[in-house]
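Hello, and thanks for sharing this one. Here are some notes to read alongside the structure, as numbered points.

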Amino acid sequence: MNEAQIVSTSKFLSLVLRHDPTALGITLDSNGWADVDELLALLNAKGKPLTREQLAYVVSTNPKKRFAFNDDGTRIRASQGHSIEIDLALTPITPPDILYHGTATRFLESIFEKGLIPGSRQHVHLTLDVEMTLEVAKRHGKPALLIIDAKAMSQAGHLFYCSENHVWLTENVPAEYLTLDDR
Ligand code: HQG
């Protein structure tokens, strides 16, 4: 597989496993898992043939580890980023004291009014990886970095989850816990 094929496969998997399983006609279970045999058969039928080895390669080389197999390799899911309603069945855990969220400057006024909201996704995505979140922010416009007082949020009873690929997830971040990083 060349780089372009890997990227386009990864993008299509993101679409199917996070947002729109009907794009392939596959059904996800309540925890977001798709059957690997069924996925490969449907990809083949759709004229996007992929071998099991190629799928494993796309999963293992994905720079953000967006997808994961279950223990016996028979099922696959996106580790986070869903807009469809599924239960990742993650256990709440204590977050680091500080987390980050990259956004676009044009959203700041609204964010400091309403807090961070998940929009079309199931959670707000937070991270320790400043560089990566600023890259994501650039998708939306001129980047800005927000610092989240996760410790205070956690102490106030907000729940945090850490996805398998180490994205921190929470339902929303009220504005009082946000500071703009002006470094
Ligand atoms: C913004 C990448 C106005 C929010 C990353 C963001 C992530 C508000 C945008 C994943 C707002 C939503 C997700 C408010 C939040 N008013 N705008 N009150 N609250 N926003 O794409 O976090 O590469 O749904 O700041 O690693 O940018 O796709 O979320 O700019 O985990 O695998 O609304 O994307 O992963 O945008 O990115 P998104 P995101 P992947």
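1. A word on terms before the voids: a cavity here is a set of grid points where a 1.4 Å probe fits but cannot get out, whereas a pocket is an open set. Please keep in mind throughout that this is a predicted model.

2. With that in hand, the structure holds one cavity of 30 Å³ or more. The space in this largest cavity comes to about 50 Å³. Around the largest cavity sit Gln80, Gly81, His82, Leu88, Gln122, His123, His125 and Leu169. By class, that lining has two nonpolar residues, six polar ones and no charged ones. You may like to display His125 while you are here, as the name returns in point 4.

3. Next, the overall layout. The protein chain is divided into domain 1, residues 3-78, and domain 2, residues 98-181. Their centres, taken over C-alpha atoms, are separated by 27 Å. Six residues from domain 1 and six residues from domain 2 take part in the contact.

4. Now to the open sites. The largest pocket has a volume of about 1,100 Å³. Its lining counts 38 residues, and those nearest the centre are Arg121, His125, Val136, Arg139 and His140. His125 also belongs to the lining of the largest cavity, so a view centred on this residue is a handy way to look at both voids.

5. Which parts of the chain supply at least two residues each to the lining of the largest pocket? They are helix H1 (3-19), strand S4, helix H4 (108-114), strand S5 (124-126) and helix H5 (130-137). H1 gives the most, with seven residues. In terms of domains, the lining draws at least three residues from each of domain 1 and domain 2.

6. For anyone thinking about the chemistry of that lining, the residues of the largest pocket divide into 13 nonpolar, 17 polar and eight charged.

7. The second largest pocket holds about 180 Å³ of space. It is lined by Met1, Gln5, Ser8, Thr9, Phe12, Leu43, Lys48, Pro49, Leu50 and Gln54. Here too H1 has the largest share, with four residues. The classes in this lining are five nonpolar, four polar and one charged. H1 is therefore worth colouring by itself, as the helix that gives the most to the largest pocket and the largest share to the second largest pocket.

8. Finally, the sheet. Three strands make an open sheet in the order S4-S6-S9, with antiparallel pairing. At the edges are S4 (98-104) and S9 (178-181), each of which pairs on one side only. From one strand to the next, the twist averages 35°.

9. How many bridges join S4 to S6? S4 and S6 (residues 143-149) pair in the antiparallel sense over seven bridges. Within this pairing, Gly102 stands opposite Leu145 in S6, and Ala104 has Pro143 as its bridge partner in S6.

10. On the other side of the sheet order, S6 and S9 run antiparallel and are joined by four bridges. One pair to pick out is Leu146, whose bridge partner in S9 is Leu180. Strand S4 also links the sheet to point 5, as one of the elements that supply at least two residues to the lining of the largest pocket.

Methods:
Residues are numbered from 1 along each chain as its sequence is written. This is a predicted model: local features need pLDDT of at least 70, side-chain atom pairs count only at pLDDT 80 or more; totals for chains, interfaces and linings use all residues. Side-chain values use heavy atoms; hydrogens and water are left out. Two strands pair if DSSP finds at least two bridges between them. Axes are lines fitted to C-alpha atoms, for helices over the stretch in contact, and angles run from 0 to 180 degrees between N-to-C directions. On a 1 Å grid over the protein atoms alone, a cavity is a set of points where a 1.4 Å probe fits but cannot get out, and a pocket is an open set with protein on both sides within 12 Å along at least five of seven lines; lining residues have an atom within 4 Å of a point. Grid points are joined across faces, edges and corners, and a volume is the space filled by probe spheres set on the points. Ala, Val, Leu, Ile, Met, Phe, Trp, Tyr, Cys and Pro count as nonpolar, Asp, Glu, Lys and Arg as charged, and the others, Gly among them, as polar. Domain bounds come from an automatic or database domain assignment. Contact means heavy atoms within 4.5 Å.
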